[in-house]
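Colleague: Could we go through this structure together? I would like to begin with the place where the chains meet.

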Amino acid sequence: MSPSHVDSFHSNSSPLNPSDLNLSHLHSSHSCLLSVRVPATSANLGAGFDTLGMALSLYNVFNVKELLPDEEFSCDVVGEGASLLSDARSNMLIQSYLRACEVWGARPIGFALECHNVIPLCRGLGSSSTAVVAGVVIADALAGLQTPEAELLRVMTTIEGHPDNVAPCFLGGMTVSCWDGEELRYVKLPPLPDDMHIVAAVPDVQVRTSDARKALPKEVEFGDAVFNLGRAALLCAAWATSRWEHLAWGMDDRLHQPYRSLLFPGGDVIMDRVRHIPGCLGVAISGSGPTVVALVRGGPGKVASAMCRTFSEHGVASQFFVLEGTAQGTRIMIPENHKRSFEQ
Amino acid sequence: MNLQDSPCTTLLSDVRIDYSSARITLLGVPDVPGVAARIFTALANRGVGVEMIVQNNMRGGITDVGFLVKKECLDNAVEACRQVVKAIDAQGVSFNTEIARVSLVGENLTKAIDIPAKMFSTLAETKINIEMIVSNSYDITCVVAAQSAEKAATVLREKFL
């Protein structure tokens with residue numbers, strides 16, 4: 001794994017003078033062997049259906065507490081999915097870990113896993129992708145392979161089936177990715193400015209993936225395809241050149257959002273209401289929904305309040321997050337003493 | 001209303017609703033000395049006052065810290081939290097502006113040991129979820145969804161006043 005993704009517990013790149021605070025036990029008990037911090041993602045962004053994805057500053061943290069005999073695992077989940085994900089045999093991280101070991105011919109060392117999950121499940125914020133990415137990087141770390149970034153991403157994409165979540169999840173920032181089933185091409189775009197917020201509204205409504213797929217048309221009008229081509233190109237060009245005034249057009253879409261916004265109460269209303277608030281540069285359904293994300297420059301309060309009010313008016317309980325399009329992707333943190341042993 | 005079965009005289013005088021606050025929660029905060037000081041110093045430096053601070057039980061070395069701010073301070077509060085979360089490697093920031101504080105107001109409330117149980121049972125029977133609770137001798141306040149506030153106040157008035 002690339003050194004840029006590896007930290008020790010004793011390093012910290014915070015811009016806010018961390019020296020006055022002892023962070024040496026960060027997300028880890030003393031016995032933790034390694035810790036993987038993995039961001040949420042917003043895929044299918046605007047016109048970039050199945051192509052554009054963005055990492056968000058909301059993180060699941062996975063700790064490997066101790067090593068166990070080969071193919072023996074335990075799993076303790078705190079937070080989101082605590083009642084659903086604790087069965088080690090069906091846990092997606094462990095399944096991804098075993099798959100990566102198999103692909104690379106690595107010994108499937110068992111381990112005790114502790115998950116601290118804050119990314120809501122099945123809401124379009126790439127929760128499952130965090131498990132896939134973490135499983136693959138843990139396989140790489142425990143086997144001491146130092147696998148190149150492109151190969152790690154290829155394995156992650158093979159497991160996930162599409163690249164638009166795992167690419168930004170692993171690399172951070174905004175990524176453009178294309179996958180032909182065997183080969184992956186990807187480009188990471190420049191980071192968002194510091195004063196750009198991403199407000200995410202997560203309604204407590206589960207949209208089944210099968211329903212989200214069924215909602216899409218089997219064929220699209222030629223005019224709609226041309227509309228999306230132009231918007232997707234504009235979105236990437238605007239992002240690459242910091243021409244943020246074009247984001248609203250780039251986030252517009254005719255292939256998926258008009259259909260999927262009807263699958264949850266208030267979806268179409270929130271998309272229309274939020275885009276007109278001053279400071280809102282664009283609004284989109286995250287993944288296949290039902291989460292809605294808005295990019296906001298300056299204070300996010302008005303957009304945040306409007307999103308809360310809209311779902312409340314439609315009788316939907318919701319969670320809301322103020323995030324940033326984090327430039328940093330997955331980080332694996334290894335205590336100094338264990339780092340030396342992994343490198344040997 | 002005088003609660004005759006309480007160990008001393010407790011007077012309940014009012015049920016009030018306040019829609020002026022928003023709830024902010026810092027998720028996955030490292031449970032080490034100095035973190036709370038850092039969070040609330042950052043908020044104070046931006047002129048943001050906070051109420052009803054709640055820290056969850058720590059598990060695995062991390063915890064959640066939630067509190068209320070006035071809605072008009074939301075922008076400053078969010079910016080302060082965003083900076084702190086990045087600096088201390090917390091897991092994220094969530095918020096909700098569609099909340100209300102529903103308060104049972106009176107005197108000597110801490111002496112009436114049965115009032116909290118009756119209040120929470122009344123809300124539970126009405127299927128109203130309590131997000132946060134704070135109490136002192138002159139009020140017991142529950143944070144509930146804004147949509148449920150009127151209903152909560154109605155059933156509490158019927159029960160206690």
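Colleague: How many residue pairs are in polar contact across the interface of chain A and chain B?

Modeller: Please keep in mind that this is a predicted model. Across that interface, 15 residue pairs are in polar contact.

Colleague: Which elements of chain A each supply at least two residues of the side that touches chain B?

Modeller: They are the strands β3 (52-68), β4 (73-79), β5 (110-117), β8 (196-203) and β11 (318-323), together with helix α10 (301-313). On this side of chain A, α10(A) gives the most, with seven residues.

Colleague: What is the make-up of that side by class?

Modeller: The side of chain A that touches chain B has 20 nonpolar, 16 polar and ten charged residues.

Colleague: How many residues does the contact take from each chain?

Modeller: Chain A contributes 46 residues and chain B contributes 32 residues. The size of an interface is often expressed as the accessible area lost when the parts come together. For chain A and chain B, the buried area is about 3100 Å², and carbon and sulfur atoms give 54% of that area.

Colleague: How many salt bridges are found across the interface?

Modeller: There are four salt bridges between chain A and chain B. One residue that forms a salt bridge is Arg82(B), whose partner is Glu324(A); their closest N and O atoms are 3.7 Å apart.

Colleague: Where is Arg82(B) found, and is it buried or exposed?

Modeller: Arg82(B) belongs to helix α2 of chain B. The residue counts as buried because its relative accessibility is 6%, and the cut-off for buried is under 20%.

Colleague: What does Arg82(B) touch?

Modeller: Leaving out residues up to four places away in sequence, Arg82(B) touches Asp194(A), Asp195(A), Met196(A), His197(A) and Glu324(A).

Colleague: Let us turn to the interior. How many residues does the largest nonpolar core have?

Modeller: The largest nonpolar core has 50 residues. Helix α2 (residues 74-88) of chain B gives the most to this core, with eight residues. The residues with the most contacts inside the core are Val303(A), Met307(A), Ile24(B), Ile39(B), Leu43(B) and Phe67(B).

Colleague: What does Val303(A) touch?

Modeller: Beyond residues up to four places away in sequence, Val303(A) touches Val199(A), Val274(A), Ile277(A), Cys280(A), Ala294(A) and Val296(A). Another core, of 43 residues, lies apart from the largest one, and its members include Val36(A), Ile94(A), Met156(A) and Phe170(A).

Colleague: What about chain A in general? How many helices and strands are there in its secondary structure?

Modeller: Chain A has eleven helices and twelve strands. Of its 344 residues, 56% count as buried. Among contacts in chain A between residues at least 6 apart in sequence, 75% join residues at least 24 apart.

Colleague: May I have an example of such a contact across the sequence?

Modeller: Consider Ile119(A), which lies in the loop between β5 and α2 of chain A. The C-alpha atoms of Ile119(A) and Pro39(A) are separated by 8.6 Å, and these residues are 80 residues apart along the chain. With neighbours within four places in sequence set aside, Ile119(A) is in contact with residues including Pro39(A), Leu58(A), Glu80(A) and Thr130(A). Ile119(A) counts as buried because its relative accessibility is 0%.

Colleague: I would also like to ask about backbone geometry. Which peptide bond is cis?

Modeller: Most residues other than glycine have a negative phi, and most peptide bonds are trans. The bond from Gly289(A) to Pro290(A) is cis, with omega near 5 degrees. Pro290(A) sits in the loop between β9 (280-285) and β10 (292-297) of chain A.

Colleague: What is the phi of Cys122(A)?

Modeller: The phi of Cys122(A) is near 55 degrees, a positive value in a residue other than glycine. Cys122(A) is placed in the loop between β5 and α2 (127-143) of chain A. Ser242(A) also has a positive phi, of about 60 degrees, and lies in the loop between α6 (222-241) and α7 (247-250) of chain A.

Colleague: Finally, what does the side chain of Arg123(A) reach?

Modeller: The side chain of Arg123(A) reaches the backbone oxygen of Pro203(A) at 3.2 Å. Arg123(A) touches Gly289(A) and Pro290(A), among others. At 11% relative accessibility, Arg123(A) counts as buried.

Terms used:
Residues numbered from 1 in each chain as written. Chains lettered and ligands numbered in written order. Predicted model: local features only at pLDDT ≥ 70, side-chain atom pairs only at ≥ 80, totals over all residues. Heavy atoms only, no water. Core = buried A, V, L, I, M, F, W, Y, C linked by side-chain atoms within 4.5 Å. Buried < 20%, exposed > 50% of the residue type's maximum accessible area, 1.4 Å probe, protein only. Helix = DSSP H or I, 4+ residues; strand = E, 2+ residues; numbered from the N terminus. Contact = heavy atoms within 4.5 Å. Buried area = accessible area lost by both parts, 1.4 Å probe. Salt bridge = Lys/Arg side-chain N within 4 Å of Asp/Glu carboxyl O. Polar contact = N/O pair within 3.5 Å; in protein donor to acceptor, adjacent residues only side chain to side chain. Nonpolar A, V, L, I, M, F, W, Y, C, P; charged D, E, K, R; others polar.
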